[in-house]
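Hi there,

Here is the model I promised to pass on. Have a look at it first, and my notes follow underneath.

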Amino acid sequence: MFMGTTPFITVRARRPLTEIKFCAWVAQAVPGDRLEYHRGFLVLDIFPMFARLPDQQRAELARLGSRAFWAAEQGLVHLVQERTGPDQFAYIAVARPKPKAAAVSLSALLLAEQGQPDHATGSSGRAAA
């Protein structure tokens, strides 16, 4: 029996991605979806002494990188780097299967992180440790 392979297609944003757009993608992605959220050398691109970006764009990129790391820690995505050239990488998030018995939604997790109440559940958003 022939088993075909599924090509990996990575979506690349036309404009620099924001943290909010990344969160929207994570919420809507199906397992295996891939999003290139940055191209460059992330750690240098957010470092003030080496960055070629204006302060506002550098700050947004730092938030985006932190949010991608957070999503990986929550088990929502895998983070992958592909070398595209000398000191150049494509930073890719690959959507993981979402837990079937998820206790809270992505928006509830985001609100909990910010310490804001979740209007859907009425909780304060802070999980007990």
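**What I found**

The chain has four helices and four strands, taken as DSSP runs numbered from the N terminus (helices: H or I, at least four residues; strands: E, at least two). From the N terminus on, their order is β-α-β-α-α-β-β-α. This is a predicted model, in which local features need pLDDT of at least 70 and side-chain atom pairs count only at pLDDT 80 or more, while totals for chains, interfaces and linings use all residues. Residues are numbered from 1 along each chain as its sequence is written, and side-chain values use heavy atoms, with hydrogens and water left out.

Of the 129 residues in the chain, 32% are buried (under 20% relative accessible area; exposed is over 50%, partly exposed in between; 1.4 Å probe, protein chains only).

Now the largest pocket (an open set of points on a 1 Å grid over the protein atoms alone, where a 1.4 Å probe fits, with protein on both sides within 12 Å along at least five of seven lines; lining residues have an atom within 4 Å of a point). Its lining counts 15 residues, with Arg-15, Pro-16, Leu-17, Tyr-37 and His-38 nearest the centre. Strand 2 (34-40) and helix 3 (55-73) are the elements that each give two or more residues to this lining. Strand 2 supplies the largest share, four residues.

Finally, Val-43 lies in helix 2 (residues 42-45) and is exposed, with a relative accessible area of 52%.

Happy browsing!
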